Amino acid sequence: MPKIKIDKDRCKGCYLCVVNCPNGLIKVSKTLNVKGVKPAVFSGGKCTGCKMCAVICPDGGIIVYK
Ligand code: SF4
Ligand code: SF4
């Protein structure tokens with residue numbers, strides 16, 4: 001099954017990936033990263049590998065593994 005990896009310390013907390021994952025698989029962390037923001041985290045589940053999250057991330061912080 002496809003999955004993603006989010007570089008939590010690169011994340012600036014814009015949450016574009018959170019709102020654009022068609023399957024709602026990306027959530028907001030409860031803890032802060034090195035930038036002092038709560039990064040996006042992959043919650044697991046039925047990722048289709050659509051790459052929407054990776055394409056929309058302005059900081060290139062998401063890698064999709066198919
Ligand atoms: S789109 Fe990128 S920078 Fe924005 S919340 Fe998601 S991982 Fe972080
Ligand atoms: S690849 Fe698609 S389904 Fe998987 S987490 Fe990213 S946006 Fe969601």
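Two residues are taken to be in contact when their C-beta atoms, placed from the backbone, lie within 7 Å. With that meaning in hand, and bearing in mind that this is a predicted model, one finds that, of the contacts in the protein between residues at least 6 apart in sequence, 61% join residues at least 24 apart.

The elements that these contacts belong to can be read along the chain: the protein has two helices and four strands, and from the N terminus on they follow the order β-α-β-β-α-β. As for overall dimensions, the C-alpha atoms fill a box of roughly 30 × 20 × 20 Å along the principal axes. The radius of gyration is 11 Å, which agrees with the value near 11 Å that a compact globule of 66 residues would have.

Turning to the interior, 20% of the 66 residues count as buried. In soluble globular proteins, nonpolar side chains tend to be buried together. Here the largest nonpolar core has eleven residues, among them Ile-4, Ile-6, Ile-26, Ala-40 and Ile-62, together with cysteines including Cys-11, Cys-17 and Cys-47. Ile-4 shows how a member of this core is placed: once its neighbours within four places in sequence are left aside, Ile-4 is in contact with Phe-42, Cys-47, Cys-53, Ile-62, Ile-63 and Val-64.

Several core residues also appear around the two ligands. Ligand 1 has 15 residues around it, of which Cys-11, Cys-14, Cys-17, Ala-40 and Cys-57 come nearest, and by class this shell consists of eleven nonpolar, two polar and two charged residues. Ligand 2 is surrounded by 13 residues, the closest being Cys-21, Cys-47, Cys-50, Met-52 and Cys-53, and its shell is made up of nine nonpolar, three polar and one charged residues. Cys-11, Cys-17, Ala-40 and Cys-57, listed for ligand 1, belong to the largest nonpolar core, as do Cys-21, Cys-47 and Cys-53, which are listed for ligand 2.

Two loop positions deserve a look at the backbone. Most residues other than glycine have a negative phi. Tyr-15, however, has a positive phi of about 65° although it is not a glycine, and its place is in the loop between β1 (3-6) and α1 (16-20). Lys-51 likewise has a positive phi, of about 70°, without being a glycine, and is found in the loop between β3 (40-42) and α2 (52-56). Tyr-15 counts as partly exposed because it has 16 C-beta neighbours inside 10 Å, and Lys-51 is also partly exposed, with 14 other C-beta atoms within 10 Å.

Definitions and conventions
Residues numbered from 1 in each chain as written. Chains lettered and ligands numbered in written order. Predicted model: local features only at pLDDT ≥ 70, side-chain atom pairs only at ≥ 80, totals over all residues. Core = buried A, V, L, I, M, F, W, Y, C linked by C-beta atoms within 7 Å. Buried ≥ 20, exposed ≤ 12 C-beta atoms within 10 Å, placed from the backbone. Near = placed C-beta within 6 Å. Nonpolar A, V, L, I, M, F, W, Y, C, P; charged D, E, K, R; others polar. Rg over C-alpha atoms; globule rule 2.2 N^0.38 Å.
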